[in-house]
Amino acid sequence: MSTATIAGVAVELDAEGFMTDANQWTREIAEEIARQNGIAELTELHWQVIDFCRKDNVENGTPPTVRRITKGTGVSTKDMYALFPKGPGILSSKIAGLTKPKGCI
Amino acid sequence: MGTTFEKDTMGDVAVADVGSPFQANEPEVTRKVAIICSKSTLDMAYPGLIMANAARMMGMDAMIFFTFWGLDIVTRKKVDHLHAGMLGNPSSPMPHSVMGLPGMEALATKMMKKKIEGLDIPDIPELLETLADAGAELYSCQLAMEMFDLDQDDLVPQVKESLTAMDFWEKAEGAQVVFI
């Protein structure tokens, strides 16, 4: 685990760069992590996904998988890959300040 | 505002050594996996499809090559009727003498499908759609197609094209290859 300052906030990260404390997250942090992963700007659709991930994480105690996100938000699988080209299964959680999703689907 | 790193709280491994935790500084090399599906029982179909989908979910390139009995997974008439493979399977919960009786395989298949549905795993046709939407590339084996007298129209639309073995190796360049 390491500490990093993202968008002016000190946050704890695991070895793969996932935040370990979702409460340290801010929307500015999300924008910064997105930029570092090749997403120049977070659109309304991105935020719809991120907000769902955070809500679902609170309700279920674990970040949602891609399939769960598509079912819960109505965002299509194709759109998920357009929104997060470098891997929607990982980036949705990472940008939302959550841990790595545990599901396989 | 950028990202700055402070001391690694775990000890003496400098954060700079592992690069940015967001992989921002890593060279852009996309990992790639090529999965060969040669069997079509549910227990052989799911692993290949799920592994390919997982690869795409983490940004890896993924391609699947359906050959021999694996073609059933993408054959329109068969895709909805794949079975659990219990005979010749030492992990079968029942003795083969019982599993071989009429209706037993159907029963085992029904039980497995129910379990899969309970875990919120999609059925095979939905999983094939998801894979295509996720950008995984699905190919059928030209030789096996000829062997089984199949045309491209006999396959689900998610299959891009038929490849010869040599075409496959061209497409699979740089990939980790998995044979199932």
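**Exercise 1. Locate A7(A) in the predicted model, then describe its backbone and its burial.**

Step 1. Place the residue. A7(A) sits in the loop that links β1 (2–6) to β2 (9–13) of chain A.

Step 2. Check the backbone. A7(A) is not a glycine, yet its phi is positive, about 50°.

Step 3. Check the cover. The relative accessible area of A7(A) is 15%. The cut-off for buried is under 20%, so A7(A) counts as buried.

**Exercise 2. Is D120(B) buried, partly exposed or exposed, and where does it lie?**

Step 1. Place the residue. D120(B) belongs to the loop between α4 (104–118) and α5 of chain B.

Step 2. Read phi. For D120(B) the value is near 60°, positive in a residue other than glycine.

Step 3. Classify. D120(B) has a relative accessible area of 37%. Partly exposed covers the range between 20% and 50%, so D120(B) is partly exposed.

**Exercise 3. Which elements build the largest nonpolar core, and which of them gives the most?**

Step 1. Size the core. The largest nonpolar core holds 44 residues. Those with the most contacts inside it are L49(B), I64(B), F66(B), I73(B), V74(B), I124(B) and L128(B).

Step 2. List the elements. Two or more residues each come from β2 (32–37), α1 (42–57), β3 (61–66), α5 (124–133), β4 (137–141), α6 (142–147) and β5 (159–163) of chain B.

Step 3. Pick the top contributor. With seven residues, α1(B) gives the most to this core.

Step 4. Zoom in on one member. Leaving out residues up to four places away in sequence, I124(B) touches L42(B), A45(B), Y46(B), L49(B), I73(B), V79(B) and L82(B).

Step 5. Look beyond. Another core, of 31 residues, lies apart from this one and includes A34(A), I39(A), L91(A) and I95(A).

**Exercise 4. Describe the fold of chain A and explain why it is rated as compact as a globular protein of its length.**

Step 1. Count elements. Chain A has five helices and two strands. From the N terminus on, their order is β-β-α-α-α-α-α.

Step 2. Compare radii. The radius of gyration of chain A is 13 Å, and the globule rule gives 13 Å for 105 residues, so the chain is as compact as a globular protein of that length.

Step 3. Add the box. Along the principal axes, the C-alpha atoms of chain A fill roughly 35 × 30 × 20 Å.

Step 4. Add burial and contacts. Of the 105 residues in chain A, 55% are buried. Among its contacts with a separation of 6 or more, 49% join residues 24 or more positions apart.

**Exercise 5. Characterise the surface and charges of chain A.**

Step 1. Take the area. Chain A exposes about 4500 Å², with 51% supplied by carbon and sulfur atoms.

Step 2. Count charges. Chain A carries 12 positive and 13 negative side chains.

Step 3. Compare the centres. The centres of the two sets lie 8 Å apart.

Conventions
Residues are numbered from 1 along each chain as its sequence is written. Chains are lettered from A and ligands numbered from 1 in the order in which they are written. This is a predicted model: local features need pLDDT of at least 70, side-chain atom pairs count only at pLDDT 80 or more; totals for chains, interfaces and linings use all residues. Side-chain values use heavy atoms; hydrogens and water are left out. A nonpolar core is a set of buried Ala, Val, Leu, Ile, Met, Phe, Trp, Tyr and Cys residues joined through side-chain atoms within 4.5 Å. Buried means under 20% relative accessible area, exposed over 50%, partly exposed in between (1.4 Å probe, protein chains only). Helices (H or I, at least four residues) and strands (E, at least two) are DSSP runs, numbered from the N terminus. Contact means heavy atoms within 4.5 Å. The radius of gyration is taken over C-alpha atoms; the globule rule is 2.2 Å times the number of residues to the power 0.38. Accessible areas come from the Shrake-Rupley method with a 1.4 Å probe; for residues, only the protein chains shown count as cover. Lys and Arg count as positive and Asp and Glu as negative; His and the chain ends are not counted. The place of a charge is taken as NZ of Lys, CZ of Arg, CG of Asp or CD of Glu.
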